[in-house]
Amino acid sequence: MNVIWDEAPVESGKLVKLSMDRLDWSKSTTYTILRKLVGKGLVVNENSLVTVLVPFLVISH
């Protein structure tokens, strides 16, 4: 999710490359996690463009 928050909106193909570079994830792992994030309502993937639905929040104490 941090990669998506950092880069959104991001094309899914670019997200695969970023996930490989930053997390050493395979293409299939990235798409599996993306599908789960979509299912949880955190992001949307339309026309290969991943957009955040839940913004990153910084909570200070």
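**Exercise 1. In this predicted model, locate Pro9 and describe the peptide bond that leads into it from Ala8.**

Solution. Begin with the position: Pro9 belongs to the loop that runs between α1 and β1 (10–11). Then turn to the backbone, where the peptide bond from Ala8 to Pro9 has an omega near -5 degrees and is cis. For context, most peptide bonds are trans.

**Exercise 2. Find which aromatic rings pair in the whole structure, and classify their geometry.**

Solution. A search of the whole structure returns 1 aromatic pair. Its members are Trp5 and Phe56, with 5.0 Å centre to centre and 65 degrees between the planes; because planes over 60 degrees apart count as edge-to-face, the pair is assigned to that class. Next, place the partners along the chain: Trp5 sits in helix α1 (residues 2–7) and Phe56 in the segment after β3 (49–52), so that the pair links distant parts of the chain, 51 residues apart. Finally, consider accessibility: Trp5 is partly exposed at 27% relative accessibility, and Phe56 is also partly exposed, at 48%.

**Exercise 3. For Asp24 and Ser48, give the phi angle, the loop and the degree of exposure.**

Solution. Take Asp24 to begin with: its phi is near 60 degrees, a positive value in a residue other than glycine, and it is found in the loop between α2 (12–23) and α3 (27–39). With a relative accessible area of 70%, Asp24 is exposed. Ser48, likewise not a glycine, has a positive phi of about 65 degrees and lies in the loop between β2 (43–46) and β3. Its relative accessible area of 43% makes Ser48 partly exposed. As background to both angles, most residues other than glycine have a negative phi.

Conventions
Residues are numbered from 1 along each chain as its sequence is written. This is a predicted model: local features need pLDDT of at least 70, side-chain atom pairs count only at pLDDT 80 or more; totals for chains, interfaces and linings use all residues. Side-chain values use heavy atoms; hydrogens and water are left out. Rings of Phe, Tyr and Trp (its six-membered ring) pair if their centres lie within 6.5 Å; planes under 30 degrees apart count as stacked, over 60 as edge-to-face and the rest as tilted. Helices (H or I, at least four residues) and strands (E, at least two) are DSSP runs, numbered from the N terminus. Buried means under 20% relative accessible area, exposed over 50%, partly exposed in between (1.4 Å probe, protein chains only).
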